[in-house]
Amino acid sequence: MHPMLTIAIRAARKAGNLIAKHYEMPDTVETTQKGSNDFVTNVDREAEQMIIEIIRKSYPKHTIISEECGELPGEEHDMQWVIDPLDGTTNFVKRLPHFAVSIAFRIKGRTEVAVVYDPMRNELFSAVRGQGAQLNGYRLRGATARDLDGAVLATGFPFKAKQHADTYIKMLGKLFTRCSDFRRTGSAALDLAYLAAGRVDGFFEIGLKPWDFLGGELLVREAGGIVTDFTGDHRYIDSGNIVAGSPRVVRELLAELRDELTESLKR
């Protein structure tokens, strides 16, 4: 097993067990608001510290970028761990059991290892660049849909960027005339993992952060899918605007969305 994958799995499982323990004891969860429609709990922070400690113990010189603590520079800046300790915090707070730990390891800007762990279902999605994606040790082949007709699309509302609300609703309306249905689960990491597993056929979302999608992005790619921004380019690391699926589904998604894009969504 890839040595970075070993560490990522160890960290994800340990953090996931902590999250699951707190989920069963809701009185131990303390929630605060860190921004508009954006919440954090003591569990997010505890899980984050647990992951950081495990990584630092094995790779003390690596850089770590995490949702809650930001960037922790290391001597080896080209070696980066990108962490979301609890993707789906709102679900967790509302006691809706759908959330995950996401960990990605990158070398010189390219994701090499990814883990997305759902502690409530004990589902561990993992990928190593060039070696495929797995779910609990079984190979993932990705979605089989050949086009949008009959496809089920995962998405997320831009609740942190409501200036895009009108555009997003137009996107939904246009796609709904083509696809079968939508799924909006509250965790982009799991949406992308489910896409890699063939549980949904495509995915799109506005304004994600790198820790939201980098783990899931590699899962999708290693399962045979592609990931682009809304123009079909690869600037989504900066914009956070994501379209993912099989090559044909992505091509049709981009074609349907093209006329609805504002100038800011084309960047």
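## Phe157 and the aromatic pairs

With a relative accessibility of 40%, Phe157 counts as partly exposed (buried is under 20% relative accessible area, exposed is over 50% and partly exposed is in between, using a 1.4 Å probe and protein chains only). Bear in mind that this is a predicted model: local features need pLDDT of at least 70, side-chain atom pairs need 80 or more, and totals for chains, interfaces and linings use all residues. Residues are numbered from 1 along each chain as its sequence is written, and side-chain values use heavy atoms, leaving out hydrogens and water.

There are ten aromatic pairs in the structure (Phe, Tyr or six-membered Trp rings with centres within 6.5 Å; planes under 30 degrees apart are stacked, over 60 edge-to-face, the rest tilted). Phe157 and Tyr168 have ring centres 5.3 Å apart and planes at 70°, so they go down as edge-to-face. This pair links distant parts of the chain, eleven residues apart: Phe157 is in the loop between β11 (152-156) and α4, and Tyr168 is in helix α4 itself (helices are DSSP H or I runs of at least four residues, strands E runs of at least two, numbered from the N terminus). Unlike partly exposed Phe157, Tyr168 is buried, at 1%.

Phe176 and Phe182 give a stacked pair, with 6.0 Å between centres and 25° between planes. Phe182 counts as buried at 17%. Elsewhere, ring pairs join Tyr23, Phe92 and Phe99 into a cluster. Tyr23 also has the charged end of Arg95 over its ring, 4.4 Å from the centre (the cut-offs are NZ of Lys or CZ of Arg within 6 Å of the centre and within 35 degrees of the ring normal).

## Salt bridges

The model has 13 salt bridges (a Lys or Arg side-chain nitrogen within 4 Å of an Asp or Glu carboxyl oxygen). In one of them, Lys174 pairs with Asp259, the closest N and O atoms being 4.0 Å apart. Lys174 sits in helix α4 (residues 165-176) and Asp259 in the segment after α8 (247-257), so this contact ties together parts that are 85 residues apart in sequence. Lys174 is partly exposed at 24%, while Asp259 is exposed at 63%.

Arg110 and Glu112 also pair up, at 3.5 Å from N to O. Here Arg110 is partly exposed at 45%, but Glu112 is buried at 13%. For Asp181 and Arg183 the N to O distance is 3.1 Å, and these two are partly exposed, Asp181 at 31% and Arg183 at 40%. Then there's a network: salt bridges with shared partners connect Asp149, Arg178, Glu252 and Glu256.

## The annotated binding site

An unreviewed UniProt entry carries a "binding site" annotation on Glu67, Asp84, Leu86, Asp87 and Asp212 (such annotations may be inferred rather than shown by experiment; positions follow the numbering used here, and feature names are shortened). These residues span 146 residues of sequence but cluster in space, the largest C-alpha distance being 9.6 Å.

Glu67 is in the loop between β3 (62-66) and β4 (70-72) and is buried, at 16%. Beyond four places in sequence, the contacts of Glu67 include Lys34, Glu48, Asp84 and Trp211 (contact is heavy atoms within 4.5 Å). Asp87 belongs to strand β5 (residues 76-87) and is buried at 6%. With the same kind of sequence neighbours left out, up to four places away, Asp87 touches residues including Phe99, Ser187, Leu190 and Asp212.
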